[in-house]
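Me: I would like to go through this model term by term, setting each value against the criterion behind the word. Please keep the reasoning explicit.

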Amino acid sequence: MTVATPAAVEAAMGLAIAQAQRVKGSTYPNPPVGAVILDAAGEVVGVGGTQPAGGPHAEVVALRAAGERAAGGTAVVTLEPCNHHGRTPPCVDALIQAGVASVVYAVADPNPVAAGGADRLRGGGIAVTAGVCADEVSGGPLREWLHKQRTGRPHVTWKYATSVDGRSAAADGSSQWITSDAARADLHVRRAACDAIVVGTGTVFIDDPTLTARLPGGGLAQRQPLRVVVGMREISPEAKVLNDDSRTMVIRTHDPNEVIQALSDRTDVLVEGGPTLAGAFLRAGAIDRILAYVGPILLGGPVTAVDDVGVSSIARALRWRYDGVDRIGPDLLLSLVPG
């Protein structure tokens, strides 16, 4: 029996991660999973991502593409294959029936209902390897889903754009554009993959945003997130956020925990509001990740990215750590998680 080389497996996992990222946002309530089938010689013969709820999971999509060439080969999957019968049969059954010789996965399934796939595969005579590229998967396409499994609440990301001196607008209030076209295109990809975008009524009054996910040509992306407006003030029925491009929820509260409770059926939530809303979420400890798009400009002035976060001294500073720094066009994208 020919066994896929470590290099071939790692390359296949990279393809699987890309597939998982591609389907992210379309698989709820299932996780966004990618799978690649290598034949007995270690060549890629099938690639797949989990389809929308009720459709086949990633392993089945990849196995169908591979056909008979899956026999004696290796299945490389971002998440441990499921071992339960929901809307679709267990993925472990499909892998066993296809006659694969080995299965490699990145992250164990934390859901007790679906877990146990690795043991079932081993019981079927299939070699199983766990933990390959686990950090890339758990910090990538499965970040939000794993958080929801651990905590029972949606994963909340505060996203903002700022000048290098921490200003979200110039002294006159103008903010278009602090960052580049490339940074805005990246944001629209993230919007299309998330479940909800949250802003405050102040942002609606000042900027009148549509809060949609758009394609590079300007058209609407196929999938649009729920638009959520938070605050006690009435907004105009003519506000763009109330147009027909997507659904909108208005929540009459200033309490971030009430917002999260109202979105408890969601997994991936973006907070894009102004400094007041951001400050409220940070004071409440309701932010799980910060995404800061930093443009190489200086603005000065009084308009900062965030208002009061409850810090009275350096000793009481909210400590975060970087888990990613990327270059996007002329800008930087900083990813931070609680320290």
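Me: How many aromatic pairs does the count come to by this rule?

Reply: In this predicted model, the count comes to 1 aromatic pair. The two partners are tryptophan 158 and tyrosine 160, whose ring centres are 4.2 Å apart with 25 degrees between the planes.

Me: Why is the pair of tryptophan 158 and tyrosine 160 called stacked?

Reply: Ring centres have to lie within 6.5 Å for a pair, and planes under 30 degrees apart count as stacked. The centre-to-centre distance here is 4.2 Å and the angle is 25 degrees, so both conditions are met and the pair is stacked. Both tryptophan 158 and tyrosine 160 are also buried, which means that each has under 20% relative accessible area.

Me: What makes the charged end of arginine 184 count as sitting over the ring of tryptophan 177?

Reply: The charged end of arginine 184 is 4.2 Å from the centre of that ring. The rule asks for CZ of Arg within 6 Å of the ring centre and within 35 degrees of the ring normal; the distance satisfies the first part, and because the contact is listed as sitting over the ring, the angular part is met as well.

Me: Why are β9 and β12 called edge strands of their sheet?

Reply: The sheet is an open one of 8 strands, in the order β9-β8-β7-β10-β6-β11-β13-β12, with mixed pairing. Because β9 (248–251) and β12 (320–328) each have a single partner strand, one side of each is left without a neighbour in the sheet. From one strand to the next the twist averages 20 degrees.

Me: How do you know that β12 and β13 pair?

Reply: Pairing requires at least two bridges between the strands. β12 and β13 (residues 331–338) have 8 bridges and run in the antiparallel sense, so the criterion is fulfilled. Among the bridge partners, tyrosine 322 is matched with leucine 336 of β13, and arginine 327 with leucine 332 of β13. In the hairpin that these strands form, with 2 residues between them, glycine 329 takes a positive phi near 60 degrees.

Me: What joins β13 to β11, and how many of the residues of β13 are buried?

Reply: β11 and β13 are joined by 5 bridges and run antiparallel, with alanine 292 standing opposite leucine 334 of β13. β13 is mostly covered, since 6 of its 8 residues are buried, where buried means under 20% relative accessible area.

Me: Which strands does helix α6 touch, given that it packs on the sheet?

Reply: Helix α6 (residues 143–151) touches β6 (155–163), β10 (268–271), β11 (289–295), β12 and β13, and its direction makes about 135 degrees with that of β6. Helix α7 (residues 181–193) lies across β6, β7 (196–200), β10, β11, β12 and β13, and runs at about 160 degrees to β11.

Me: What makes β2 and β5 the edge strands of the sheet with the order β2-β1-β3-β4-β5?

Reply: In this open sheet of 5 strands with mixed pairing, β2 (44–49) and β5 (127–130) each pair on one side only. The partner of β5 is β4 (residues 102–107), in the parallel sense over 4 bridges, and valine 104 stands opposite threonine 129 in β5. Helix α2 (residues 58–66) packs on the sheet, touching β1 (34–38), β2 and β3 (74–79).

Notes: Residues are numbered from 1 along each chain as its sequence is written. This is a predicted model: local features need pLDDT of at least 70, side-chain atom pairs count only at pLDDT 80 or more; totals for chains, interfaces and linings use all residues. Side-chain values use heavy atoms; hydrogens and water are left out. Axes are lines fitted to C-alpha atoms, for helices over the stretch in contact, and angles run from 0 to 180 degrees between N-to-C directions. Contact means heavy atoms within 4.5 Å. Rings of Phe, Tyr and Trp (its six-membered ring) pair if their centres lie within 6.5 Å; planes under 30 degrees apart count as stacked, over 60 as edge-to-face and the rest as tilted. Buried means under 20% relative accessible area, exposed over 50%, partly exposed in between (1.4 Å probe, protein chains only).
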